[in-house]
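Hi,

Here is the structure I promised to pass on. Have a look at it first, and my notes are underneath.

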Amino acid sequence: MSLIMDTMGKKKPRPRRSFTREFKAEIVELCQRGDRSVGQIAKDFDLTETAVRQWVTQAELDAGTRTDGLTSDERDELARLRRENRRLSEDVEILKRATAFFAKEIR
C-alpha cells in the first residue's frame, strides 16, 4: 500500500529533448503573434511552458528588445572562453609540475 501511495502524484521525469533553431524560432513567432497564450502553444506542441518562455526570452535578447541577459552570441563566446580558460589552467598546472621536477633534477 505504501508503494502505491509513494508513487501516486509523482510524474516520471520527461526525457531531455533537443530542438532545431528553426523549430524554436517558429514557436517564438507563434508566441509573439499573440493568437494563443504561451501555455496553450506549449500544450499544443507537447512542450514545457518553461522551455517556451526561455526561447521567447532568448529571442528577445538576441533581437535587442531585452537587455537583462546574454545574447546567443555572447553565450557562445562565454562558453568558448571558459573552455579556453580551463585548458590554459591545465597547461599552467603541467608547466608548474615540470618546473618542479626539473628543479629537483638540477640540484
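Below is what I found, starting with the overall fold and ending with a few single residues.

**Overall layout**

Bear in mind that this is a predicted model. The chain has five helices and zero strands, so to speak an α-α-α-α-α run when you read from the N terminus. What about its radius of gyration? The chain comes out at 24 Å, whereas a compact globule of 107 residues would sit near 13 Å. Along the principal axes, the C-alpha trace spans about 75 × 55 × 25 Å. Of the 107 residues, 13% count as buried. As for contacts between residues at least 6 apart in sequence, 35% of them join residues at least 24 apart.

**The aromatic rings**

How many aromatic pairs does the structure hold? There are five. Take Phe-19 and Phe-23: their ring centres are 5.3 Å apart and the planes meet at 20°, which is under the 30 degrees limit, so this pair is stacked. Phe-19 also pairs with Trp-55, this time edge-to-face, with 5.3 Å from centre to centre and 70° between the planes. That second pair ties together parts of the chain that are 36 residues apart in sequence, because Phe-19 lies in the loop between helix 1 (2-7) and helix 2 (21-33), while Trp-55 belongs to helix 4 (residues 49-63).

Put together, Phe-19, Phe-23, Phe-45 and Trp-55 make up one aromatic cluster. Are its members buried or partly exposed? Trp-55 is buried, with a relative accessible area of 12%. Phe-19 has 28% relative accessibility and counts as partly exposed, and Phe-23, with 24%, counts as partly exposed too.

**The largest pocket**

You will probably want to look at this part yourself. The largest pocket holds about 690 Å³ of space, and 20 residues line it. Which of them lie nearest its centre? Those are Phe-19, Lys-24, Ala-51, Gln-54 and Trp-55. Phe-19 and Trp-55 are thus named here as well, after turning up in the aromatic cluster.

Helix 2, helix 4 and helix 5 (72-106) each supply at least two residues of the lining. Helix 4 gives the most, with six residues. Sorted by class, the lining has eight nonpolar, five polar and seven charged residues.

**Two more residues**

Gln-58 is another residue of helix 4. Is it buried or exposed? Gln-58 is buried, since its relative accessible area is 17% and the cut-off is 20%. Leaving out residues up to four places away in sequence, Gln-58 touches Leu-70, Thr-71, Ser-72 and Arg-75.

Asp-91 is found in helix 5. With 32% relative accessibility, Asp-91 counts as partly exposed. How far is its C-alpha atom from that of Ala-59? The two C-alpha atoms are separated by 37 Å, and the residues are 32 apart along the chain.

That's the lot from my side.

Cheers

How values were computed:
Residues numbered from 1 in each chain as written. Predicted model: local features only at pLDDT ≥ 70, side-chain atom pairs only at ≥ 80, totals over all residues. Heavy atoms only, no water. Phe/Tyr/Trp six-rings, centres within 6.5 Å; stacked < 30°, edge-to-face > 60°. Buried < 20%, exposed > 50% of the residue type's maximum accessible area, 1.4 Å probe, protein only. Helix = DSSP H or I, 4+ residues; strand = E, 2+ residues; numbered from the N terminus. 1 Å grid on protein atoms, 1.4 Å probe; cavity = no way out; pocket = protein on both sides within 12 Å on 5 of 7 lines; lining within 4 Å. Points joined across faces, edges and corners; volume = space filled by probe spheres on them. Nonpolar A, V, L, I, M, F, W, Y, C, P; charged D, E, K, R; others polar. Rg over C-alpha atoms; globule rule 2.2 N^0.38 Å. Contact = heavy atoms within 4.5 Å.
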